[in-house]
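I opened the notebook to go through this structure entry by entry. The sheet comes up before the metal site and the rings.

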Amino acid sequence: MSNLNLQKRVTVLGSTGSVGCSTLDLIAHAREGQDPEAFPIEALTAQRRVDDLIAQARQFSPKFAVIGDPSLLAQLREGLDGTGVEAAAGPEALVEAALRPADWVMAAIVGAAGLAPTHAAISRGVEVALANKECLVCAGDLIMGAVKASGATLLPVDSEHNAIFQVLEQENRSSVEKIILTASGGPFRTFTRQQMATVTPAQAVAHPNWDMGQKISVDSATMMNKGLEVIEAHHLFGFSPREIDVLIHPQSVIHSMVSYEDGSVLAQLGSPDMRTPIAHTLAWPQRMPAPVAKLDLAAIGSLSFEAPDETRFPALRLARNALQMGGGAPTILNAANEAAVAAFLEDRIGFLDIPKVVEGALDHLDNGQGIWRLDALEDVFALDSEAREQANQLMSA
Ligand code: NAD
Ligand code: MG
C-alpha cells in the first residue's frame, strides 16, 4: 500500500451507473481513510440522471461535469451554481470529458454509446479501466489498435477479465492451454424454455449475485453477457475462440481461471462485489483497501459447477458464431442485442425474442464474405445503426 499513487487524476465516464457509483465509492473511502485529497477528479459524465450527477459533482469537485442529454444542461448549470464546476452537454462534450487530462479513466458508459468517449480516452495513452465491454465487441480490432498506437494501458474491469488479468502469467503465455470464464447462469439458470417464455423484465433484472445496471442484468439472464465476454476476452488477451471456455458456477466466487499445460489451473476468488476488480484497476500496479465483504468460504460451504446449455441459452452460440465470422458480425450482434434488450425492458417483445431478433439481424445483414470491413469508427457507427434498424424492423413485423 505504501507505493499507492493517491495523486492519480481520475475521470469517470458513466459516473451515475452501477460501476460508476462503485468507483466513486472507492474514492470516497480512500479520501476518508487515507488522504482527503486522494484521486482528484477531472471529469464526471452521465446521460440523464442530472440530479445524481449534481450530487456527485458537489461531493467530489470535478473540474468538468457533462450530461449527455442536452435538454438537461440548464438544470445541470443551475445545480452546479457557485461550485466552479464547468458544465457541458451532448455527445461532443462526452468526448471532450474523455480527452481532458486524467491519468486514469473509468470507461463505464453502457453500450456502443461508450465507443467514441472510450476511444478518445485510449487515444491519450493513459490508464483506461474498461467496463464498457460493448465497445470491444463492436470495434475490438480498432480499440486494440488504438491501445497499441497510443501506448495506453487497458485495465479490465469486468470481473472475469480482471480475474484473468490477475492470474495470466505473461512470461508463460505460450504455456496457457485455455482460459475459463465463469458465469453465474443468471436468474433463469434452472428454467425450461417454456418457463422463460413468460418471464418479465422485473424477473430478468433481479440477478441472484450481482447488483448491476438493467442492460447487463438482462444480458446475464439471456447469457448474451457471457457471449459478449468471450468476444471481449478474445480481444483483450488474444486467445482464439476455442481457447476460451465457459463454465457455469452459480455462487460467483471464482471469477475466472487460466489453465496451463502442466495441469495447473490458477483462479482469482472474491465476494461478488465489483469494488474488488475496480479497486484492482484503480490501484494498479499496487493494491488498495476496498470496503467489501471478506470472502468466507466456510460460510459458503461448497462451490458448484455445470456445463453451459446452449440450447436453452442460444445467445452464447450466437456470440461465438459472430466471433468466428469476424468482420462486422460482432458489431451487428451487439447492436441488435441492445435494440432487443431495450424493447424487452419496455415490454414490447418477450424474453425469448431477444436472441431471435439478434439471429435475424445477423442473417439479414450477412453479406456472406468476411462481412463488413471496419476500417474506422465511422464504419462501426454506420453498421451499428443499420443493425439497430434491422432489429427494429424485425420487432415491428
Ligand atoms: P448502468 O446502466 O448502471 O450505468 C450506465 C452509465 O452510462 C450511466 O452513468 C449512464 O448515465 C451512462 N449512459 C447510459 N447511456 C448513455 C449514453 N447513450 N451516452 C452516454 N452515457 C450513457 O450500467 P452499469 O451496470 O454500470 O454498466 C456499465 C458498463 O459496465 C456496461 O458496459 C456493462 O456491461 C459493464 N459492466 C458492468 C458490471 C456491473 O456490475 N454493473 C460488471 C461488469 C461490466
Ligand atoms: Mg462479467
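In what order do the strands of the open sheet stand, and is the pairing parallel or antiparallel? I read the order as β4-β3-β2-β1-β5-β6-β7, seven strands with parallel pairing. I note that this is a predicted model.

**Sheet edges and twist**

I looked up the edges next. β4 (86–89) and β7 (153–156) each have a single partner strand, so one side of each lacks a neighbour in the sheet. From one strand to the next, the twist averages 15 degrees.

**Strand β1**

I then turned to β1, residues 10–13. Val-10 and Val-12 point one way, Thr-11 and Leu-13 the other. I find all of them buried.

Which strands does β1 run parallel to, and by how many bridges is it joined to each? Four bridges join β1 to β2, residues 41–46. Four bridges also join β1 to β5, residues 104–107. Both pairings are parallel.

I checked individual partners. Val-12 has Leu-44 as its bridge partner in β2. In β5, the bridge partner of Val-12 is Met-106. Leu-13 stands opposite Ala-107 in β5.

I also traced the connection from β1 to β2. The chain passes through helix α1 (residues 18–33), and this β-α-β crossover is right-handed.

**A helix on the sheet**

Where does helix α5 pack? I find α5 (residues 115–123) on the sheet, touching β1, β5, β6 (127–130) and β7. The direction of α5 makes about 150 degrees with that of β6.

**Magnesium site**

Which residues coordinate the magnesium ion, ligand 2? I list Asp-158 (OD), Glu-160 (OE) and Glu-229 (OE), at 2.1 to 2.2 Å. Along the chain these donors follow the spacing D-x1-E-x68-E.

Are Asp-158 and Glu-160 buried or exposed? The cut-off for buried is under 20% relative accessible area. Asp-158 has 8% relative accessibility, so I enter Asp-158 as buried. Glu-160 is buried as well, with a relative accessible area of 8%.

**Glu-338**

I looked up another acidic residue, Glu-338 in helix α15 (residues 329–345). Its relative accessible area is 14%, so Glu-338 counts as buried. What does Glu-338 touch, leaving aside residues up to four places away in sequence? I note Gly-111, Ala-112, Glu-134, Lys-215 and Arg-388.

**Aromatic pairs**

How many aromatic pairs are there? I count four. One of them is Phe-165 with Trp-284, a tilted pair. I note 6.4 Å centre to centre and 50 degrees between the planes.

Why does the pair of Phe-165 and Trp-284 tie together parts far along the chain, 119 residues apart in sequence? Phe-165 lies in helix α7 (residues 159–167), whereas Trp-284 lies in the loop between α12 (275–283) and α13 (297–300). Phe-165 is partly exposed at 26% relative accessibility. Trp-284 is partly exposed too, with a relative accessible area of 26%.

I then took the rings of Phe-344 and Phe-351. Their centres are 5.6 Å apart and their planes stand at 65 degrees, so the pair is edge-to-face. The cut-off behind that label is over 60 degrees. Phe-344 and Phe-351 are both buried.

Which residues do ring pairs link into a cluster? I enter Phe-188, Phe-191, Phe-344 and Phe-351.

Notes:
Residues are numbered from 1 along each chain as its sequence is written. Chains are lettered from A and ligands numbered from 1 in the order in which they are written. This is a predicted model: local features need pLDDT of at least 70, side-chain atom pairs count only at pLDDT 80 or more; totals for chains, interfaces and linings use all residues. Side-chain values use heavy atoms; hydrogens and water are left out. Buried means under 20% relative accessible area, exposed over 50%, partly exposed in between (1.4 Å probe, protein chains only). Helices (H or I, at least four residues) and strands (E, at least two) are DSSP runs, numbered from the N terminus. Two strands pair if DSSP finds at least two bridges between them. A crossover is right-handed if, with the strands pointing away from the viewer, the path from the first strand over the helix to the second runs clockwise. Donors are N, O and S atoms within 2.8 Å of the metal (3.2 Å for Na, K and Ca); water is not among the atoms, so sites may look incomplete. Contact means heavy atoms within 4.5 Å. Axes are lines fitted to C-alpha atoms, for helices over the stretch in contact, and angles run from 0 to 180 degrees between N-to-C directions. Rings of Phe, Tyr and Trp (its six-membered ring) pair if their centres lie within 6.5 Å; planes under 30 degrees apart count as stacked, over 60 as edge-to-face and the rest as tilted.
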